[in-house]
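Trainee: I would like to learn how to read empty space and charged contacts from a set of coordinates. Could we work through an example together?

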Amino acid sequence: EDDGPSRALAKAVRKIAGQDPGGLTPFLVRRPDRFSRGGDHLAMLEAGYPAVRLTVGVENYDAQHQDVRAADGRAYGDTVDRMDFAYLAKVTALNVGVLKTLANAPPPPAQVVATGAVSTSTTLTWAAVPGAAAYKIYWRTADTSDWQNERTLGAVTSAEIPGLIIDDHFVGVSSVAADGSESIVTFAGAAPRD
């Protein structure tokens, strides 16, 4: 669940957001959406596309999921006077940054295979991706959800990580364009039996 395409996209959003010092600091929620509501991204998920939803962290329930009205001295509904345009500008900048990076990046590797059962090193292999000038390998301990380590490689289709025991780690690979634009990470999944 932490490494499917939508989670990889969410991690890419957070990484790209971190490159804008005046921008947003995304908080990644590890579920498809809020309880009993839904979002515009769900149709994409249902169609099999990676998708994430960006929303304000502290919601004003009087201003959403309400008919525009006034009752007992309170205004209800999603109206323009309640819009935080500074926040909207940051969300828009983040969306544009993510779209630019992913549009300039080569596709992620279609499949990454990890081997290393009963070994003190892990080897990753993948097929070459058109347009990739380099690849990045990522790994983390099995008890965490965020990548802890990364290494940039040249235009190769395999890499060995000495000292990394596959039973204790998760690994993945991304494709990198000549300008540094990077794809989402393809998770290597379970290591096949040797």
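**Reading pairs and pockets**

Mentor: Let us begin with a single residue, Glu182, which counts as buried because its relative accessibility is 11%, and bear in mind throughout that the model is predicted.

Trainee: With which residue does the side chain of Glu182 meet in a salt bridge?

Mentor: Side chains of opposite charge can pair when their charged atoms come close. Here the side chain of Glu182 meets that of Lys136 in a salt bridge, at 3.6 Å from N to O. Glu182 lies in the loop between strand E8 (169-176) and E9, whereas Lys136 lies in strand E5, so the pair ties together parts that are 46 residues apart in sequence. Lys136 also counts as buried, because its relative accessibility is 14%. Salt bridges that share partners join these two residues with Lys15 and Glu150 into one network.

Trainee: How many salt bridges does a search of the whole structure find, and which residue meets Arg140 in one of them?

Mentor: The search of the whole structure finds 7 salt bridges. In one of them the side chain of Arg140 meets that of Asp3, at 2.6 Å from N to O. This pair links distant parts of the chain, since Arg140 belongs to strand E5 (residues 134-141) and Asp3 to the segment before H1, 137 residues apart. Arg140 counts as buried at 0% relative accessibility, and Asp3 counts as buried at 13%.

Trainee: Is Arg74, by comparison, buried or partly exposed?

Mentor: Arg74 is partly exposed, with a relative accessible area of 43%. The side chain of Arg74 meets that of Asp62 in a salt bridge, at 2.4 Å from N to O. Asp62 lies in the loop between helix H2 (42-46) and strand E1 (69-71) and Arg74 in strand E2, so this pair ties together parts that are 12 residues apart in sequence.

Trainee: Turning to empty space, how much of it lies in the largest pocket, and which residues are the closest to its centre?

Mentor: Rolling a probe the size of a water molecule over the atoms shows where empty space is left. In this model about 1100 Å³ of space lies in the largest pocket. That pocket is lined by 33 residues, of which Leu54, Thr55, Val56, Tyr87 and Val91 are the closest to its centre. Helix H3 (85-104) and helix H1 (5-17) each supply at least two residues of this lining, and H3 gives the most, with 7 residues. By class, the lining of the largest pocket has 18 nonpolar, 8 polar and 7 charged residues.

Trainee: What is the volume of the second largest pocket, and which helix gives the most to its lining?

Mentor: The second largest pocket has a volume of about 830 Å³. Among its 34 lining residues, Phe27, Leu28, Val29, Arg53 and Thr55 are the closest to its centre. H1 gives the most to this lining, with 6 residues, and the lining as a whole divides into 16 nonpolar, 6 polar and 12 charged residues.

Trainee: How many cavities of 30 Å³ or more does the search find, and which residues line the largest cavity?

Mentor: The search of the whole structure finds 1 cavity of 30 Å³ or more, and about 40 Å³ of space lies in the largest cavity. Its lining consists of Asp2, Asp3, Arg7, Ala8, Lys11, Trp147, Val185, Thr186 and Phe187, with H1 giving the most, 3 residues.

Key
Residues numbered from 1 in each chain as written. Predicted model: local features only at pLDDT ≥ 70, side-chain atom pairs only at ≥ 80, totals over all residues. Heavy atoms only, no water. 1 Å grid on protein atoms, 1.4 Å probe; cavity = no way out; pocket = protein on both sides within 12 Å on 5 of 7 lines; lining within 4 Å. Points joined across faces, edges and corners; volume = space filled by probe spheres on them. Helix = DSSP H or I, 4+ residues; strand = E, 2+ residues; numbered from the N terminus. Nonpolar A, V, L, I, M, F, W, Y, C, P; charged D, E, K, R; others polar. Salt bridge = Lys/Arg side-chain N within 4 Å of Asp/Glu carboxyl O. Buried < 20%, exposed > 50% of the residue type's maximum accessible area, 1.4 Å probe, protein only.
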